[in-house]
Amino acid sequence: MKRFWLFIGLLLAASAAQAADYPPYPDVWGRELAAPQGRIVNGFYLRAGGNGDYVITHTHHAADPETGNLQGGGDWSRLDFFAGTRATIDEDGLNAIQRDLPFARPRVQSRGGIWLHLPGEIQVKPFSREPKGVGCWVNYAGSLVLRDRAEKVIADRVALRLLAAPERREYWDSCERGGTGGHYEAKVDALSFALYGLKDGTFLAEGASSPFLIRFYPDLTSPFVEAHPDLFLVDTAEVDRVVKGAYAGTDGVRIQAANDALHAYVLELRRRKTAR
């Protein structure tokens, strides 16, 4: 019986999504994927809905309190980005989506030399600016770069996310900016994205390791980020200034020092945002 109602929910969600045809797009600029308290969104897949919408399937997991590693379990869900329909799906529903809906293309990532072309002969691409060194993955390296037809950079910004609580993150033993503990406490993440162009000149940014899909204008602004209390668009040079200052001011774990400094910086940004 439970599987029957899950199937009915999936059909209703699909019918509602197919009732519209995009564009024109509704005034939707972002979605945050939900997870129960104490669990983390994971298993995040984006598909083309066939009507101009985007279908997201995702699950959630508990994190091991000792290591921060994700554990198994969690229900799968479906979300249609523009339509806003949500449904819990079982394994059969997930398999049907994966079988019947193609991956959204083109998909522009930080790897490779492909840029996403936008109106006005400008291009955008996500980058990872991790400082030189080996054995580290830092959580403040992702950025979005906008350039003109002459390949001159005209905007370079970081989408910072203030985490609700510190999250334990491990790093390799060879990490030059780490310490002897093998982990740090993440407090602020720079979102990493994969990008998809939309037919009205805006573009959709899929969070590579975060529960966000954000629609951007071609100038790298987004009403969703402006309205969200824990998201901030900051010039990349400003983020790098804070990080370099934190590196220079510690003899300890530089990744942790950078997180602490960015945390203080973003708390001030949130104070200003909420005071408007």
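Which backbone oxygen does the side chain of Arg47 reach? Keep that in mind as you open the structure, a predicted model.

**Stop 1: Arg47**

Select Arg47. You will find it in strand β2, residues 39-48. Now show the backbone of Gln98. The side chain of Arg47 reaches the backbone oxygen of Gln98, at 3.3 Å. That settles the opening question.

Is Arg47 buried or exposed? Arg47 is buried, and it has no salt bridge. Select Asp100 to see the nearest side chain of opposite charge, 9.3 Å away. A salt bridge would need a carboxyl oxygen within 4 Å of a side-chain nitrogen.

Next, display what surrounds Arg47. Setting aside neighbours within four places in sequence, its contacts include Asp53, Tyr54 and Val55. Ile97, Gln98, Leu101, Pro102, Phe103 and Ala104 are also in contact with Arg47.

**Stop 2: helix α2**

Move to helix α2, residues 91-100. Begin at its start, with Asp90. There a side-chain oxygen of Asp90 comes to within 3.2 Å of the backbone nitrogen of Asp92.

Which residues of α2 are buried? Colour Gly93, Leu94, Ala96 and Ile97: these are buried. They span an arc of only 160° around the axis, so they sit on the same side of α2. An α-helix has 3.6 residues a turn, so residues three or four places apart point the same way. Rotate to the face turned away from the buried side. Here α2 carries the exposed residues Glu91 and Arg99.

**Stop 3: the largest nonpolar core**

Select Tyr140 and Leu160. They have the most contacts inside the largest nonpolar core, which has 28 residues. Now colour the elements that give two or more residues to this core: β9 (153-170), β10 (183-190), β14 (231-235), α4 (236-248) and α5 (254-275). Which of them gives the largest share? Helix α5 does, with 7 residues.

Zoom in on Tyr140. Not counting neighbours within four places in sequence, Tyr140 is in contact with Arg129, Ala190, Val239, Val243 and Tyr247, among others. Its contacts also include Arg254, Ile255, Ala258, Asn259 and Leu262. Apart from this core lies another, of 22 residues. To find it, select Leu118, Leu144, Leu191 and Phe203, which are among its members.

**Stop 4: Pro166**

Finish in strand β9, at Pro166. Draw a distance from its C-alpha to that of Tyr184. The two residues are 18 apart in sequence and 9.2 Å apart in space. Then show Glu185, Ala186 and Lys187. Pro166 touches these three, leaving out residues up to four places away in sequence.

How values were computed. Residues numbered from 1 in each chain as written. Predicted model: local features only at pLDDT ≥ 70, side-chain atom pairs only at ≥ 80, totals over all residues. Heavy atoms only, no water. Helix = DSSP H or I, 4+ residues; strand = E, 2+ residues; numbered from the N terminus. Buried < 20%, exposed > 50% of the residue type's maximum accessible area, 1.4 Å probe, protein only. Lys, Arg positive; Asp, Glu negative; His and termini not counted. Polar contact = N/O pair within 3.5 Å; in protein donor to acceptor, adjacent residues only side chain to side chain. Contact = heavy atoms within 4.5 Å. Arc of directions from axis to C-beta. Core = buried A, V, L, I, M, F, W, Y, C linked by side-chain atoms within 4.5 Å.
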